[in-house]
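Please take a moment to look over the sequence and the structure shown below before reading on. The report after them is meant to be followed with the structure in view, one group of residues at a time.

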Amino acid sequence: MNPSQEFVEQGMSQQNVKIKSYTTMITLAYQSLGVVYGDISTSPLYVYKTTFSRKLSLHENDEEIYGVLSFIFWTFTLIALVKYIFIVMSANDNGEGGTFALYSLLCRHARLSILPNQQPSDEKLSAYAIDESPDTSQSTYLKSFFEKNPKSRKVLLIFVLLGTCMAIGDGVLTPAISVVSAVSGMQLKATGLHENYVIMISCAILVGLFSLQHHGTHRVAFMFAPVITAWLICISSIGIYNIFRWNPHVYSALSPVYMIKFLKSTGIDGWVSLGGVVLSVTGVETMFTDVGHFSALSIKVAFSFLVYPCLILAYIGEAAFLSKHHEDIERSFYKSIPEAVFWPVFIIATLAAVVGSQAVITATFSMINQCCALNCFPRVKIVHTSSKIHGQIYIPEVNWMLMCLCLAVTIGLRDTNMMGHAYGLAVISVMFVTTCLMALVMVIVWKKSITTAVTFLLFFGSIELLYISASVSKVLEGGWIPITLSLIFLSVMYIWNYGTMKKHEFDVENKVSVDRIVSLGPSIGMVRVPGVGLVYTNLVSGVPAVFGHFVTNLPAFHQVLVFVCIKSVQVPHVSEEERFLISRVGPKECGMFRGIVRYGYKDLQQEYDFENTLLAGIIQFLETEDSILPKDEIMQIINAKESGVAYILGHCYAKAKEPASILKRIAIDVVYGFLSKNCREADVVLNVPHTSLLEAFNSEKKFIFNLLQRYFTSFREGKAYRLKFPWVGVVNRSQADINKNVDMIAAWRREREYFATTSEYKHIANRMGSEHLAKMLSKHLENVIKSKIPGIQSLINKTVIEIEKS
């Protein structure tokens, strides 16, 4: 092949790569329409109606209409296009966006992390890369300020959580206002349709929407992009029609002069009405949050070339219609639709409202998952709805909570104007939080001058504060809803984070050294039994105190013992190759290891084949630890795995100290205690097989009762018999109650059903992989029960006799 032919083929290859990259980008831009822009594209349904909902009246000179259109145009252009598309999108964290992404960037660059168990090895993660360019004097000052002032870090965390809580409030308000606004269009054609029926139809749609969440969106997601595309084409076409039909000169309202005229002529009423104008930019925060599902470039292309021009045309066209139909302000959107296409547009509007609601619900699930990863939300059950699409999750508790709140807002307010007032305050508050975080990112991460950051903060912050002041004036007309919801969520998040951190501090202070455990072995007659024991702990060093309590009460543990620490790091994702960090604990002959499992704040903390993956990591560690292949130790691990795997989880209960203030006692003893008892147990969150679970309590008697109450299934002739223990429930009582006599215990009897008897502990232990452990467990329980809880043995025997008779 001659050089000229080779050069031509090389050029053609590069051209094919460019064409392929362009095709991929356009495909992602098209797909993002259904996921990202469902919320913002449905805003024309209610913006003008909410803006003119109070004392603001329309005069013959149309200055009010022109002024509102001018505000909508410049707000949409400056906030959505300039701020988010051109500036904020560039601050993504390894391709991920949202409030937590900005906070994560600040934590890595300024060491603001509130997460426990952070190690120097975490900074070697590929996703942890930070800009190593020299700091400016301003960035150095800000970093040192946060390092020297722990309270400033707490204030920043509360500020971030407040923005997150407001965003969660969007998940309540968006479905309500979108669906009700879409369905209310029916009243134009069915004039006899009462408002109650509109609310009933809206509630039915909302119930159906939330009831289908557990199926996931991947089965119908392919329909989202066509629906939103058709919707954008419809509203832009109708906008062009209205411009030429009713007022071709309406474009003159794009001049900023009309904003000044509007405020001068309307005064306070005009300022208060700006709370409706802010609804035109609902969904821009969702656009930034969902950037990780696509790419920043594809979202920029979709917004700049389709979403932005279509929505601007829709707003201008509706203003042109209103300029000739002042009396139709209450239903201006549906009134502006030509008669011939009303029903098709109505159907598409309803579908678009559902798609927009779905996008916000999915984003809410994602935010709750991130809060759980950062120890800022109680443990909840997270379900994968798709094995192919990453990030498709469903949270049952949050889903039903959102549905109940949505229905309460819909039925309680019954008016899209009041919903709009509540919605506007939530939306603009999140935007202001993003603006403040972006100013910090500019100085600390991007190393820009303080002048640039202050200019950005003053320019966009002043615009957002103007809208916040207008929205706050409507607190009594619906604005109290996002404030109340945010304060409740913020209290739950902060108290949970505070309680979790205090428990971790307690665990660190009371951890046991490995040498102590090893030295205890001979003195208490410790025995190693076949099998693998996975001891879950939140410590990255030392041995948890609950394990020391476990081995002193039951001096036997498995041949291979692994201390498993599952922790989050301040990056969005951790690759599979970097997830496990294996090390040896104690001398080689002890057969003890530590497995640290690292997840990013957007990763789902669930492994489908956790046991095998962890043990494979340990074997790989052994192969790299010694130059000579440790065949004996590897075979020992393999044989132990075949004998069975037991999961050992510790339980401890937080309680405020005696000299603590009343506020702290309420926070820890009441709120945190309530959340701890009613949230998902750790074994459910970690997907631990129940037949292999053994829980250790920080009280010996609670530990014994827990063993007696374990939920196992015994099979006799192929059938499971339900057996009753009338004395169960004592474990839920206080320590003082447990120490009382048998008569008091009998008074607390409860009718609860279990699948075990005391004679089956051998079977239970066998399920854990050790006959020897079964014998020791049965004997140990018999001795302890008789000696330390007098009278309880006769009560157990009586129960067993009653069961056998029945």
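What follows is a report on helices, charged pairs, aromatic rings and a surface patch.

The structure is a predicted model, and the values below are computed from it.

**An enclosed helix**

A good place to begin is helix α5, which covers residues 99–110. How does its length compare with what its number of residues should span? At 1.5 Å a residue, its twelve residues should span 16 Å, and the end C-alpha atoms are 16 Å apart, which agrees. Twelve of the twelve residues of α5 are buried, so the helix is largely enclosed by the rest of the structure. Among the buried residues of α5 are Phe100, Leu102, Tyr103, Leu105 and Leu106, and the charged residue Arg108 is listed with them.

Arg108 deserves a closer look. Arg108 counts as buried because its relative accessibility is 3%, and the cut-off for that word is under 20%. Its side chain meets that of Asp93 in a salt bridge, with 2.9 Å from N to O. Since Arg108 lies in helix α5 and Asp93 in the loop between α4 (63–87) and α5, the pair ties together parts that are 15 residues apart in sequence. Asp93 is buried as well, with a relative accessible area of 0%. Arg108 also lies over the face of Tyr128, at 5.6 Å from the ring centre. A second charge placed over a ring is that of Lys261, which lies over the face of Tyr258 at 5.1 Å from the ring centre.

**Salt bridges**

How many salt bridges does a search of the whole structure find? The search finds twelve, and three of the pairs are set out here.

| Pair | N to O distance |
|---|---|
| Arg108 and Asp93 | 2.9 Å |
| Arg598 and Asp122 | 3.3 Å |
| Lys143 and Asp135 | 3.0 Å |

The side chains of Arg598 and Asp122 meet in a salt bridge. This pair links distant parts of the chain, with Arg598 in strand β6 (residues 592–599) and Asp122 in the loop between α5 and α6 (137–148), 476 residues apart. Are Arg598 and Asp122 buried or exposed? Both of them are buried.

In the salt bridge between Lys143 and Asp135, the two partners are covered to unlike degrees: Lys143 is buried, with a relative accessible area of 14%, whereas Asp135, at 38% relative accessibility, counts as partly exposed. Salt bridges that share partners also join Asp122, Lys567 and Arg598 into one network.

**Aromatic rings**

The aromatic rings offer another way to see how parts of the chain are brought together. The count comes to 26 aromatic pairs. One of them is formed by Trp231 and Phe333, whose rings are tilted, with 5.7 Å from centre to centre and 45° between the planes. Trp231 lies in helix α10 (residues 224–246) and Phe333 in helix α15 (residues 332–335), so the pair ties together parts that are 102 residues apart in sequence. Trp231 is buried, with a relative accessible area of 0%, and Phe333 counts as buried at 8%.

The rings of Trp246 and Phe321 have their centres 6.0 Å apart and their planes at 80°, so this pair is edge-to-face. Here too distant parts of the chain are linked, since Trp246 is in helix α10 and Phe321 in helix α14 (residues 296–322), 75 residues apart. Trp246 counts as partly exposed at 25% relative accessibility, while Phe321 counts as buried at 4%. Elsewhere, Tyr37, Tyr48, Phe76, Phe303, Tyr308 and Tyr315 form one aromatic cluster.

**A long-range approach and a surface patch**

Ile168 lies in helix α7 (residues 150–183) and is buried, with a relative accessible area of 1%. The C-alpha atoms of Ile168 and Phe489 are separated by 8.7 Å, although the two residues are 321 residues apart along the chain.

Which residues make the nonpolar surface patch of about 250 Å²? The patch is made by Ile450, Val454 and Leu458. Ile450 has its place in helix α19 (residues 450–472), and Ile450 is partly exposed, with a relative accessible area of 36%. An α-helix has 3.6 residues a turn, so residues three or four places apart point the same way.

Note on methods:
Residues numbered from 1 in each chain as written. Predicted model: local features only at pLDDT ≥ 70, side-chain atom pairs only at ≥ 80, totals over all residues. Heavy atoms only, no water. Patch = residues over 30% accessible without salt bridge, like charges linked within 9 Å, V, L, I, M, F, W, Y side chains within 5 Å. Areas by Shrake-Rupley, 256 points an atom, 1.4 Å probe, with all protein chains shown as cover. Salt bridge = Lys/Arg side-chain N within 4 Å of Asp/Glu carboxyl O. Helix = DSSP H or I, 4+ residues; strand = E, 2+ residues; numbered from the N terminus. Buried < 20%, exposed > 50% of the residue type's maximum accessible area, 1.4 Å probe, protein only. Phe/Tyr/Trp six-rings, centres within 6.5 Å; stacked < 30°, edge-to-face > 60°. Lys NZ or Arg CZ within 6 Å of the ring centre and 35° of its normal. Expected span 1.5 Å × (residues − 1).
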